[in-house]
Amino acid sequence: MGKVYVFDHPLIQHKLTYIRNKETGTKEFRELTNEIAGLMAFEITRELPLKEVDVETPVAMAKCHMIAGKKLGIIPILRAGLGMVDGILELIPAAKVGHVGLYRDPDTLKPVEYYVKLPKDIEERELIVVDPMLATGGSAIEAINVMKKRGAKNIKLMCLVAAPEGVEEMQKAHPEVDIYLAAMDEKLNEKGYIVPGLGDAGDRLFGTK
């Protein structure tokens, strides 16, 4: 069973408080979302393998370490996932970025793919799927289904805020996928919103209603 990590780092929790606040405007919300994503990426990449290299400093030769050829990919779920990409790329500029676009069918209420563009060597990459919210889990589950059909094998999920119901559904559907969160909230309400949550992340990122 994949593990669930909730990051309690003071900087992450401090910034999360601001993005929960309904008075926080679009510009600040966008900046803070990227900052939190970068801080979370720092933690997620803690286990990347290193190799030893020789480097000549201005003083002497030194034994140093570099990441050992691990290929990374960032896969935002459109549209809200886009709000987390730049913060991760600042930390890992060489990562490739793919996109998975889903919409909810008004009759079945199930997610349907409308756009998928992934790195060609997806099966060789460690992939971080990003979406600010893990509510019912439907979008994240389907996004990972889409990626697996195209050869993805090593997948992690990064969300800012999750409901326990969404985490449970994700673990049932994709038990090998580790989940990384800034907060595990109380529940879903009758409309499928996370409580207390932070509202609609897409609308708050892009200034839409």
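**Group meeting: a binding-site strand and a helix pair**

Let's start with Ile194. Ile194 sits in strand E13, which covers residues 194-195. Keep in mind that this is a predicted model.

Why pick that residue? UniProt lists Ile194, Gly199, Asp200 and Ala201 under "binding site", in an unreviewed entry. Now look at the largest pocket. Its lining includes Ile194, Gly199, Asp200 and Ala201 from that list.

There is a second set. For "binding site", again from the unreviewed entry, UniProt gives Arg79, Arg104, Asp131, Pro132, Met133, Leu134, Ala135, Thr136, Gly137, Gly138, Ser139 and Asp200. Which of these line the largest pocket? The lining takes in Arg79, Arg104, Asp131, Met133, Leu134, Ala135, Thr136, Gly137, Gly138, Ser139 and Asp200. One of them, Met133, is in strand E9, residues 133-134.

Next, the helices. H1 runs over residues 10-20, and H2 over residues 26-44. Their axes come within 10 Å. They cross at roughly 155 degrees. Angles over 145 count as roughly antiparallel, so H1 is roughly antiparallel to H2. The crossing of the two is left-handed.

Who makes the contact? From H1, we have Leu11, Ile12, Lys15, Leu16, Tyr18 and Ile19. From H2, we have Phe29, Leu32, Thr33, Glu35, Ile36, Leu39 and Met40. Sort the H1 and H2 contact residues by class, and you get 10 nonpolar, 1 polar and 2 charged.

Technical notes: Residues numbered from 1 in each chain as written. Predicted model: local features only at pLDDT ≥ 70, side-chain atom pairs only at ≥ 80, totals over all residues. Heavy atoms only, no water. Axes fitted to C-alpha atoms, helices over the stretch in contact; angles between N-to-C directions. Helix = DSSP H or I, 4+ residues; strand = E, 2+ residues; numbered from the N terminus. Parallel < 35°, antiparallel > 145°, perpendicular 65-115°, else oblique. Left-handed = near helix turned anticlockwise from the far one by under 90°. Contact = heavy atoms within 4.5 Å. Nonpolar A, V, L, I, M, F, W, Y, C, P; charged D, E, K, R; others polar. UniProt positions renumbered as here; feature names shortened; annotations may be inferred. 1 Å grid on protein atoms, 1.4 Å probe; cavity = no way out; pocket = protein on both sides within 12 Å on 5 of 7 lines; lining within 4 Å.
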